[in-house]
Amino acid sequence: MSDPERKMIEDRALRDAAWALVKADIAHLRVDLTTKGIGARFLDRVAEGASDVLDEAAEVAENNRGVLFTLLAAVVLWLTRNPLLALFGDDDGEDKETEEPERD
């Protein structure tokens with residue numbers, strides 16, 4: 001047998017082995033997708049990612065309690081700013097914006 005013939009036989013064997021692997025992968029993928037669909041896999045990944053984010057946020061909050069409480073206090077103050085300003089505002093009853101400007 002000549003060298004090109006031997007090389008061709010080896011190449012053909014490699015090709016057939018690769019094709020068998022591709023067929024096995026496709027069969028495995030089909031079985032895998034029939035047991036659990038793409039939508040269910042997507043929801044599992046999203047749920048897992050959300051769980052990881054929640055765990056990370058809890059860890060960061062635990063490590064930075066002072067910053068978290070300060071931020072929470074600032075948000076509460078911001079949301080209650082109008083009642084607080086009215087509490088400390090002038091109670092004269094006079095509205096400075098009631099004066100009408102002159103008309104030509």
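I took helices (H or I, at least four residues) and strands (E, at least two) as DSSP runs, numbered from the N terminus. On that basis I found four helices and zero strands in the chain. Read along the sequence, the pattern is α-α-α-α.

**Entry: the model.** I noted that this is a predicted model, in which local features need pLDDT of at least 70 and side-chain atom pairs count only at pLDDT 80 or more, while totals for chains, interfaces and linings use all residues. Residues are numbered from 1 along each chain as its sequence is written, and side-chain values use heavy atoms, with hydrogens and water left out.

**Entry: confidence.** I looked up pLDDT, the predictor's confidence in each residue, from 0 to 100. The chain averages 87, and 88% of the residues score at least 70. Among the elements of the chain, helix α1 (residues 3-35) has the highest mean pLDDT, 93, and helix α4 (residues 81-88) the lowest, 88.

**Entry: burial.** I used three classes of relative accessible area: buried is under 20%, exposed is over 50%, and partly exposed is in between (1.4 Å probe, protein chains only). Of the 104 residues in the chain, 0% are buried. I then looked up the accessible area, which comes from the Shrake-Rupley method with a 1.4 Å probe; for residues, only the protein chains shown count as cover. The chain exposes about 10100 Å², and carbon and sulfur atoms supply 61% of that area.

**Entry: helix α3.** I checked the length of helix α3 (residues 65-79) against its expected span, which is 1.5 Å times one less than its number of residues. Its 15 residues should span 21 Å, and the end C-alpha atoms are 21 Å apart, so the two agree. Helix α3 is hardly covered, with a count of zero buried residues.

I also looked for surface patches, which are made of residues with over 30% relative accessible area and no salt bridge; like charges are joined within 9 Å, and nonpolar side chains (Val, Leu, Ile, Met, Phe, Trp, Tyr) within 5 Å. L71, V75, W78 and L79 make a nonpolar patch of about 470 Å². L79 lies in helix α3 and counts as exposed because its relative accessibility is 64%.

**Entry: salt bridges.** I counted a salt bridge where a side-chain nitrogen of Lys or Arg is within 4 Å of a carboxyl oxygen of Asp or Glu. A search of the whole structure gave seven. I followed some of them in helix α1.

D3 and R6 meet through their side chains at 2.6 Å, N to O. They are three residues apart in helix α1, and therefore separated by about one helical turn. R6 also pairs with E10, the closest N and O atoms being 3.0 Å apart. E10 and R6 are four residues apart in helix α1, about one turn. R6 counts as partly exposed at 40% relative accessibility, and E10 as partly exposed at 41%.

K7 and D11 form another salt bridge, at 3.8 Å, N to O. Both lie in helix α1, four residues apart, about one turn of the helix. K7 is partly exposed at 48%, and D11 is partly exposed at 37%. I noted that salt bridges with shared partners join D3, R6 and E10 into one network.

I added the reason for the spacing: an α-helix has 3.6 residues a turn, so residues three or four places apart point the same way.
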